[in-house]
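Me: Hi! I have a protein model open and I'd like to talk it through, if you have a minute.
Reply: Sure, show me what you have.

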Amino acid sequence: MQHLPNDHPQTGTPKPTQDTIHHAVVDVLRSIFDPEIPVNIFDLGLIYNIDVKEEGDGFKVAILMTMTAPDCPEAEFMYADVKQMVGYISGVKDVDVQLTFDPPWTPDRLTDEVKIELGLL
């Protein structure tokens with residue numbers, strides 16, 4: 001079997017890149033839903049930043065996120081879900097999730113699709 005330069009030498013599958021890891025992180029975040037609002041946390045606008053850096057033979061993912069309110073009762077569970085689920089992505093060696101309330105979340109952060117779905121547009 002001939003391997004391309006970016007293929008994994010043993011499996012022949014393409015090695016992850018910063019771009020493919022970033023896309024995988026977004027896909028994972030779209031699978032995590034706010035338990036109080038039936039919308040995924042990415043389209044809800046709770047994710048402020050995703051930073052993917054190559055480190056050795058893997059990638060470190062740093063995520064800056066917020067909650068809809070500082071006293072959100074589900075904050076601890078959503079934080080843990082993000083860290084755990086992103087950590088399952090093949091090629092991710094470390095996940096750092098930071099929670100912030102600056103700037104505070106507002107409904108303006110919702111995607112247009114979600115605004116339409118919730119009747120806000």
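Me: Let's start with the open spaces. How much space lies in the largest pocket?
Reply: About 200 Å³ of space lies in there. Keep in mind that this is a predicted model, not an experimental one.

Me: Okay. Which residues lining that pocket are the closest to its centre?
Reply: Those are K15, P16, E54, D57 and F59, out of 11 residues that form the lining.

Me: And what does the lining have by class?
Reply: It's a mix: five polar, four charged and two nonpolar residues.

Me: Let me step back. How many helices and strands does the protein have?
Reply: Three helices and three strands. If you walk along the sequence, they come in the pattern α-β-β-α-β-α.

Me: What box do the C-alpha atoms fill?
Reply: Roughly 55 × 25 × 20 Å, taken along the principal axes.

Me: How confident is the prediction, on average, in pLDDT?
Reply: The average pLDDT is 88, and 90% of the residues score at least 70.

Me: Where does pLDDT stay under 50?
Reply: Over residues 1-7. The model has 12 contacts for that stretch beyond four places in sequence. Where pLDDT is low, the predicted coordinates should not be read in detail.

Me: Good to know. Now the inside: what share of the residues count as buried?
Reply: 35% of the 121 residues do.

Me: Which residues in the largest nonpolar core touch the most other members?
Reply: V25, L29, I41, V61, V82 and V86, in a core of 31 residues. Helices α1 (18-29) and α2 (75-87) each supply at least two residues of this core, and so do the strands β1 (47-55), β2 (58-65) and β3 (92-99).

Me: Which one gives the most?
Reply: That's α1, with five residues.

Me: Let me zoom in on V86. What does V86 touch?
Reply: Leaving out residues up to four places away in sequence, V86 touches V25, V28, L29, V61, I63, V92 and V95.

Me: I clicked on H22 next. Where does H22 lie?
Reply: In helix α1. Its contacts, again not counting residues up to four places away in sequence, are I50 and V52.

Me: Why does H22 count as partly exposed?
Reply: Because its relative accessible area is 29%, and partly exposed covers values between 20% and 50%.

Me: Different spot: where is D43?
Reply: D43 sits in the loop between α1 and β1. Apart from neighbours within four places in sequence, D43 is in contact with R30, R109, L110, T111 and V114.

Me: Is D43 buried or exposed?
Reply: D43 is buried, because its relative accessible area of 14% is under the 20% cut-off.

Me: And K115, which helix is that in?
Reply: K115 is in helix α3. K115 and D43 are 72 residues apart in sequence, while their C-alpha atoms are 9.7 Å apart in space.

Me: What does K115 itself touch?
Reply: P107, D108, L110, L120 and L121, not counting residues up to four places away in sequence. K115 counts as buried too, at 17% relative accessibility.

Me: What about G91, where is that found?
Reply: In the loop between α2 and β3. G91 is buried, with a relative accessible area of 19%.

Me: Which residues is G91 in contact with, leaving aside neighbours within four places in sequence?
Reply: P16, I21, G58 and F59. You've met P16 and F59 already, among the residues closest to the centre of the largest pocket.

Me: One more thing. Which peptide bond is the one from D102 to P103, cis or trans?
Reply: That one is cis, with omega near 5°. For background, most peptide bonds are trans.

Me: Where does P103 lie?
Reply: In the loop between β3 and α3 (112-117). P103 is partly exposed, with a relative accessible area of 45%.

Me: How far apart are P103 and T66 in space?
Reply: 8.8 Å, C-alpha to C-alpha, though they are 37 residues apart in sequence.

Note on methods
Residues numbered from 1 in each chain as written. Predicted model: local features only at pLDDT ≥ 70, side-chain atom pairs only at ≥ 80, totals over all residues. Heavy atoms only, no water. Core = buried A, V, L, I, M, F, W, Y, C linked by side-chain atoms within 4.5 Å. Buried < 20%, exposed > 50% of the residue type's maximum accessible area, 1.4 Å probe, protein only. Helix = DSSP H or I, 4+ residues; strand = E, 2+ residues; numbered from the N terminus. Contact = heavy atoms within 4.5 Å. 1 Å grid on protein atoms, 1.4 Å probe; cavity = no way out; pocket = protein on both sides within 12 Å on 5 of 7 lines; lining within 4 Å. Points joined across faces, edges and corners; volume = space filled by probe spheres on them. Nonpolar A, V, L, I, M, F, W, Y, C, P; charged D, E, K, R; others polar. pLDDT = per-residue confidence, 0-100.
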